[in-house]
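Work through these exercises with the structure open beside you. Try each task before you read its solution.

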Amino acid sequence: MVLGDHHLLKADAHQIVVGVSKVLVHENYDQDTTENDITLLKLTTPVTLNNYVNIACLPTKTVTSGQHCYITGFGDTMGNFSLTIEIFFLNLRNVFLQSH
């Protein structure tokens, strides 16, 4: 696992390489709908947090329908492969969808 990396084809001075000892995929993950698309990775050694490597913030309370939320992600959103990982922030109004 490479943490804090920004360029795909070269090493960044601040990146950290660490092994993964366990992969925990959500038990209700649906590959077709990507519902419950979350996985936890147990690292083989502790990692020192810095300006490039940090923990994800999770909500401390239940988010209600209609509440404004921020989401983040990275990658290629337009189908134009880039050698630099782009990070996106999006302010959206939360809407809960119910399956029928």
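Contact means heavy atoms within 4.5 Å. Keep in mind that this is a predicted model.

**Exercise 1. Take stock of the chain.**
Task: Find how many helices and strands the chain has, and state how the elements run from the N terminus on.

Solution.
- Step 1. Count the elements. The chain has zero helices and six strands.
- Step 2. Write the order. From the N terminus on, the pattern is β-β-β-β-β-β.
- Step 3. Turn to burial. Of the 100 residues in the chain, 8% are buried.
- Step 4. Look at the surface. About 8900 Å² is exposed, and carbon and sulfur atoms supply 57% of that area.
- Step 5. Check the contacts. Take those between residues at least 6 apart in sequence; 40% of them join residues at least 24 apart.

**Exercise 2. Judge the confidence.**
Task: Which element has the lowest mean pLDDT, and which the highest?

Solution.
- Step 1. Recall the scale. pLDDT is the predictor's confidence in each residue, from 0 to 100.
- Step 2. Start with the whole chain. Its average pLDDT is 76, and 69% of the residues score at least 70.
- Step 3. Go element by element. Strand S6 (residues 87-93) has the lowest mean, 56. S3 has the highest, 95.

**Exercise 3. Explore the surroundings of Asp12.**
Task: Place Asp12, then say which residues Asp12 touches beyond four places in sequence.

Solution.
- Step 1. Locate the residue. Asp12 sits in the loop between strand S1 (2-3) and S2.
- Step 2. List the contacts. Not counting residues up to four places away, Asp12 touches Gly4, Asp5, His6 and His7.
- Step 3. Look for a charge partner. Asp12 is buried but has no salt bridge. The nearest side chain of opposite charge is Lys10, 5.6 Å away.
- Step 4. Apply the cut-off. A salt bridge needs a side-chain nitrogen of Lys or Arg within 4 Å of a carboxyl oxygen of Asp or Glu.

**Exercise 4. Find the positive phi values.**
Task: What is phi near in Thr34 and in Asn36?

Solution.
- Step 1. Set the background. Most residues other than glycine have a negative phi.
- Step 2. Read the angles. Phi of Thr34 is near 60°, a positive value. Phi of Asn36 is also positive, near 60°.
- Step 3. Locate Thr34. It lies in the loop between strand S3 (20-25) and strand S4 (39-43).
- Step 4. Locate Asn36. Its place is in the loop between S3 and S4.
- Step 5. Classify them. Thr34 counts as partly exposed because its relative accessibility is 43%. Asn36 has a relative accessible area of 29%, so Asn36 is partly exposed.

**Exercise 5. Trace the nonpolar patch.**
Task: Which residues make the nonpolar surface patch, and which element gives the largest share?

Solution.
- Step 1. Name the members. They are Met1, Val20, Val23, Val25, Tyr29 and Leu41.
- Step 2. Note the area. The patch covers about 490 Å².
- Step 3. Assign the shares. S3 supplies the largest, with three residues.
- Step 4. Examine one member. Val23 is found in strand S3. Val23 counts as exposed because its relative accessibility is 53%.

**Exercise 6. Link places apart in sequence.**
Task: How many residues apart in sequence are Gly19 and Met1, Val17 and Leu3, and Tyr52 and Gly4?

Solution.
- Step 1. Take Gly19, in the loop between strand S2 (16-17) and S3. Gly19 and Met1 are 18 residues apart in sequence, and their C-alpha atoms are 5.8 Å apart. Beyond four places in sequence, Gly19 contacts Lys42, Leu43 and Thr44.
- Step 2. Take Val17, in strand S2. Val17 and Leu3 are 14 residues apart along the chain, with 6.3 Å between C-alpha atoms. Leaving aside neighbours within four places, Val17 contacts Met1 and Val2.
- Step 3. Take Tyr52, in the loop between S4 and S5. Tyr52 and Gly4 are 48 residues apart in sequence and 4.9 Å apart, C-alpha to C-alpha. Outside four places in sequence, Tyr52 contacts Gly4 and His14.
- Step 4. Classify two of them. Val17 is exposed because its relative accessible area is 62%. Tyr52 has 52%, so Tyr52 is exposed.

Conventions
Residues numbered from 1 in each chain as written. Predicted model: local features only at pLDDT ≥ 70, side-chain atom pairs only at ≥ 80, totals over all residues. Heavy atoms only, no water. Helix = DSSP H or I, 4+ residues; strand = E, 2+ residues; numbered from the N terminus. Buried < 20%, exposed > 50% of the residue type's maximum accessible area, 1.4 Å probe, protein only. Patch = residues over 30% accessible without salt bridge, like charges linked within 9 Å, V, L, I, M, F, W, Y side chains within 5 Å. Areas by Shrake-Rupley, 256 points an atom, 1.4 Å probe, with all protein chains shown as cover. Lys, Arg positive; Asp, Glu negative; His and termini not counted.
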